[in-house]
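Hi everyone, thanks for making time this morning. I'd like to walk you through one model, so please have a look at it while I talk.

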Amino acid sequence: DTMFLGRDRQGSGASSGNGTGTLSFNLGTINVNTLTIGNQTGNGTTPGICTGTVNVKGANATLVVNTTLELGHTTLSTGNGPSSKGVLNVTNGTVLANNIVVGSASTAANAINLINGTLIVTNTLATNAAGLFTLNMSNSTVGLTVAANGSLKGLVQTLNTVGSANSIRLDAAPVIFSTYPQQFPLIKYTTWTGSNTFSLASIPAWAPGTTLVSNVPNSSLDL
């Protein structure tokens, strides 16, 4: 199944109407295969701006996306097309996503805002296109799965961390590297603002002695 939020009209006719969609819930689990938050899909001559927002609020609220969660899908690279955006807000809730991408032509403020929230990403977090515009974290956890080739797991333009309890959770599935020791970037950023502190939520059995490194010259958070 597929869910769209903030979608414009289909077809190629002239249309300047904006599309806005919001999903908010504070209890239970929403399980969807594909989720597009902000979906500029038409190819009209005067497209509107499409904006989607998802609010996952509450300790008993969980959003599961089994294939791809896309923020700010864009069909057109001209006019209002690149202004379409998606925002994911997680407050005390949990999001489990297989893969998160951003619209290939979107230049808008696609954002993920975590407040005491948990975001677990099985594959990659916005490593396509220009990356996520903003990742805001306040005493929250991001879960990532490390690849044996040390490939990048997250790409953000602005990483903003507030509070002293932000953490990275590494997947427990065993990872075997070709050589040891290893250091590689988990998340790359253009600008990091805020407390500039992260901890590991747990150290998996395959990575004894693992630490996080704030690699300022490389603009990355390394493992």
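Let me start with a small one: in which loop is Asn196 found? Asn196 sits in the loop between strand 15 and strand 16 (199-202). When I say strand, I mean a DSSP run of E with at least two residues, numbered from the N terminus, while helices would be runs of H or I with at least four. Asn196 has a positive phi of about 55 degrees, although it is not a glycine.

Before going on, a word about what you are looking at. This is a predicted model, where local features need pLDDT of at least 70 and side-chain atom pairs count only at pLDDT 80 or more, while totals for chains, interfaces and linings use all residues. Residues are numbered from 1 along each chain as its sequence is written, and side-chain values use heavy atoms, with hydrogens and water left out.

Another backbone detail is at Pro181, which lies in the loop between strand 14 (167-170) and strand 15 (185-194). Tyr180 and Pro181 are joined by a cis peptide bond, with omega at about -5 degrees. As background for both spots, most residues other than glycine have a negative phi, and most peptide bonds are trans.

Tyr180 and Pro181 come back in the largest pocket, where they are among the lining residues, together with Phe177, Trp206 and Leu223. That pocket has a volume of about 200 Å³. Here is how a pocket is defined: on a 1 Å grid over the protein atoms alone, it is an open set of points where a 1.4 Å probe fits, with protein on both sides within 12 Å along at least five of seven lines, and lining residues have an atom within 4 Å of a point. Grid points are joined across faces, edges and corners, and the volume is the space filled by probe spheres set on the points. The lining divides into 8 nonpolar, 4 polar and no charged residues. In that count Ala, Val, Leu, Ile, Met, Phe, Trp, Tyr, Cys and Pro are nonpolar, Asp, Glu, Lys and Arg are charged, and the others, Gly among them, are polar.

Now to the sheets. An open sheet of 9 strands runs in the order 2-4-6-9-11-13-15-18-17, with mixed pairing. Strands count as paired if DSSP finds at least two bridges between them. Why do strand 2 (19-25) and strand 17 (213-215) each have one side without a neighbour in the sheet? They stand at the edges, each with a single partner strand, so one side of each stays free of a sheet neighbour.

At one of those edges, strand 17 pairs with strand 18 (residues 220-222) in the antiparallel sense over 3 bridges. There, Ser214 has Leu221 as its bridge partner. Further along, strand 11 and strand 13 (residues 154-162) run parallel, joined by 6 bridges, and Ser138 stands opposite Val162. Strand 13 also runs parallel to strand 15, with 7 bridges, and here Leu155 faces Lys188.

Leu155 has another link: Ala130, in the loop between strand 10 (118-121) and strand 11 (132-138), is in contact with Leu155 and Gln157, leaving aside neighbours within four places in sequence. Contact here means heavy atoms within 4.5 Å.

Away from that list of 9, strand 3 (residues 28-40) is joined to strand 1 (residues 2-7) by 5 bridges, running parallel. Strand 3 also runs parallel to strand 5 (residues 61-74), over 11 bridges.

Last stop: Asn89, in strand 6 (residues 85-91). Its side chain makes polar contacts with the side chains of Asn55, at 2.8 Å, and Asn113, at 2.7 Å. A polar contact is a pair of N or O atoms within 3.5 Å; within protein, one must be able to donate a hydrogen and the other to accept it, and residues adjacent in sequence count only if both atoms are side-chain atoms.

That's my tour, thanks for listening!
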